[in-house]
Amino acid sequence: MPVPMVGRAVALEELRHAWERVRGGGRCVPAVVTGLPGTGKSTLAAAAVQVATPEVTLAGSARLHSPAPYDWLAAVLATIGPRPDLPVPPDALAWLAQDPDVPRERYTPDALLRLAVTTVRGLVGGRPAVLVVEDLHALDPASLSLIAELAGADLPALLLVTSRPPDAAVNPALTVRTLERLAGSPGAVRRHLGPLGAGDVHKILDHVYGGSAPSRDVAEAVWRRTGGNPYRLTELLAVAGDPEQLAGELREPVELTAREREVLGCLAEGMSNKQIAGALGISVRTVTVHVSNLLRKTGAASRTEAALWAVQPRSAAF
Ligand SMILES: Nc1ncnc2c1ncn2[C@@H]1O[C@H](COP(=O)(O)OP(=O)(O)OP(=O)(O)O)[C@@H](O)[C@H]1O
Ligand SMILES: [Mg+2]
């Protein structure tokens with residue numbers, strides 16, 4: 001059963017307003033949606049496109065593991081098919097579309113960037129458009145230059161960008177610069193999606209299980225176990241067919257790595273992250289990562305609670 005989008009009403013409303021500004025002003029309005037993996041960036045972007053019902057939608061994302069130049073534009077061109085009407089030399093267009101038969105490097109990088117902008121302008125054709133750039137963090141530098149250029153263009157478009165945090169990016173520094181440039185454009189929207197709240201998780205469970213919706217306690221446990229991450233929640237629900245199974249799933253023993261077990265043992269002794277780092281000969285940062293994984297896996301709300309979890313009989317199996 002499709003899960004309804006919950007907890008993003010304010011963000012969606014903000015994007016709808018941005019779209020109204022595009023229609024009223026004719027200038028490009030960037031909207032940047034960031035968040036950790038699986039927080040619902042793509043879901044929100046899709047909902048925004050649905051609300052806007054633009055005349056033109058150009059959507060693309062990085063398609064390759066190590067993206068080729070102008071991968072975003074090539075992805076867009078691949079979805080819309082041949083467009084001989086565009087005011088761009090056919091060989092340049094073929095190159096931008098990553099046609100493997102076209103000789104490379106006939107144009108300078110500057111000329112290619114101008115041609116790429118002209119191509120987008122031609123595709124938009126002066127009509128109100130939404131340009132969807134999915135997963136900016138995974139894009140190639142040429143695409144990032146193009147996106148930054150479009151942000152400042154007199155183009156009647158909502159430039160709707162999703163991105164994981166820059167530290168997960170192919171080019172972290174360039175990603176930071178591009179996100180800053182987009183967010184700094186006049187009228188830009190900047191939205192960081194955090195985890196869903198316990199109430200939102202409950203709403204999803206209500207929807208999925210209808211009349212036999214799990215109790216508040218189970219909903220709370222699901223929220224803790226998934227950290228309010230919509231993707232993890234979807235995964236958990238896919239495994240658990242009904243509320244009984246869900247409750248059983250939550251009782252399943254939690255699998256911890258050897259290092260996590262060591263860290264948990266230290267937590268149970270009331271040690272600080274610094275003390276744990278010293279005791280295990282690892283960095284404080286690494287300890288922080290282990291602790292946050294432990295909180296997620298055990299569904300504990302705090303390190304004290306995780307420590308209590310460690311001494312409960314059900315954790316004996318680890
Ligand atoms: N607000 C929400 N309410 C309910 N379900 C949601 C919500 N947001 C996302 N989901 C569900 O969570 C899953 C992951 O969402 P989505 O793909 O949008 O995340 P993402 O942030 O784009 O992830 P990635 O970083 O991998 O691109 C999807 O199955 C989606 O249906
Ligand atoms: Mg996504």
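**Note on the ligand site, sheet and cores**

1. An oxygen atom of ligand 1 lies 2.5 Å from an N or O atom in the side chain of T43. The model is a predicted one, and the distances and angles in this note are computed from it.

2. T43 is not alone at this site. A polar side-chain atom of S42 is 2.8 Å from an oxygen atom of ligand 1. For R164, an N or O atom of the side chain is likewise placed 2.8 Å from an oxygen atom of the ligand. Around ligand 1 there are 18 residues, and those that come nearest are V6, K41, S42, T43 and R164.

3. How are the strands ordered in the sheet? The sheet is open and has five strands, in the order β2-β3-β4-β1-β5, with parallel pairing. Its edges are formed by β2 (56–61) and β5 (189–193), each of which pairs on one side only. From one strand to the next, the twist averages 15 degrees.

4. Within the sheet, strand β1 (residues 29–35) runs parallel to strand β4 (residues 157–163), and six bridges join the two. V33 stands opposite T162 of β4.

5. Two helices can be placed against these strands. Helix α7 (residues 172–183) packs on the sheet and touches β1, β4 and β5. The direction of α7 makes about 135 degrees with that of β1. Helix α3 (residues 71–80) lies across β2 and β3 (129–134), and runs at about 125 degrees to β2.

6. The largest nonpolar core has 43 residues. Y70, W72, V120, L131, L146 and L159 are the residues with the most contacts inside this core. At least two core residues come from each of β2, α3, α4 (90–96), α5 (109–124), β3, α6 (141–151), β4 and α7. Helix α5 gives the most, with eight residues. In soluble globular proteins, nonpolar side chains tend to be buried together.

7. Which residues does L146 touch, leaving aside those up to four places away in sequence? They are Y70, W72, L73, L113, A116, V117 and V120. Of these, Y70, W72 and V120 are also among the residues with the most contacts in the largest core.

8. A second core, separate from the one above, has 21 residues. Its members include A18, V22, V33 and V189. V33 therefore appears twice in this note: it belongs to the second core, and it stands opposite T162 in β4.

Key
Residues are numbered from 1 along each chain as its sequence is written. Chains are lettered from A and ligands numbered from 1 in the order in which they are written. This is a predicted model: local features need pLDDT of at least 70, side-chain atom pairs count only at pLDDT 80 or more; totals for chains, interfaces and linings use all residues. Side-chain values use heavy atoms; hydrogens and water are left out. Two strands pair if DSSP finds at least two bridges between them. Helices (H or I, at least four residues) and strands (E, at least two) are DSSP runs, numbered from the N terminus. Axes are lines fitted to C-alpha atoms, for helices over the stretch in contact, and angles run from 0 to 180 degrees between N-to-C directions. Contact means heavy atoms within 4.5 Å. A nonpolar core is a set of buried Ala, Val, Leu, Ile, Met, Phe, Trp, Tyr and Cys residues joined through side-chain atoms within 4.5 Å. Buried means under 20% relative accessible area, exposed over 50%, partly exposed in between (1.4 Å probe, protein chains only). A residue is near a molecule or strand if one of its heavy atoms lies within 4 Å of it. A polar contact is a pair of N or O atoms within 3.5 Å; within protein, one must be able to donate a hydrogen and the other to accept it, and residues adjacent in sequence count only if both atoms are side-chain atoms.
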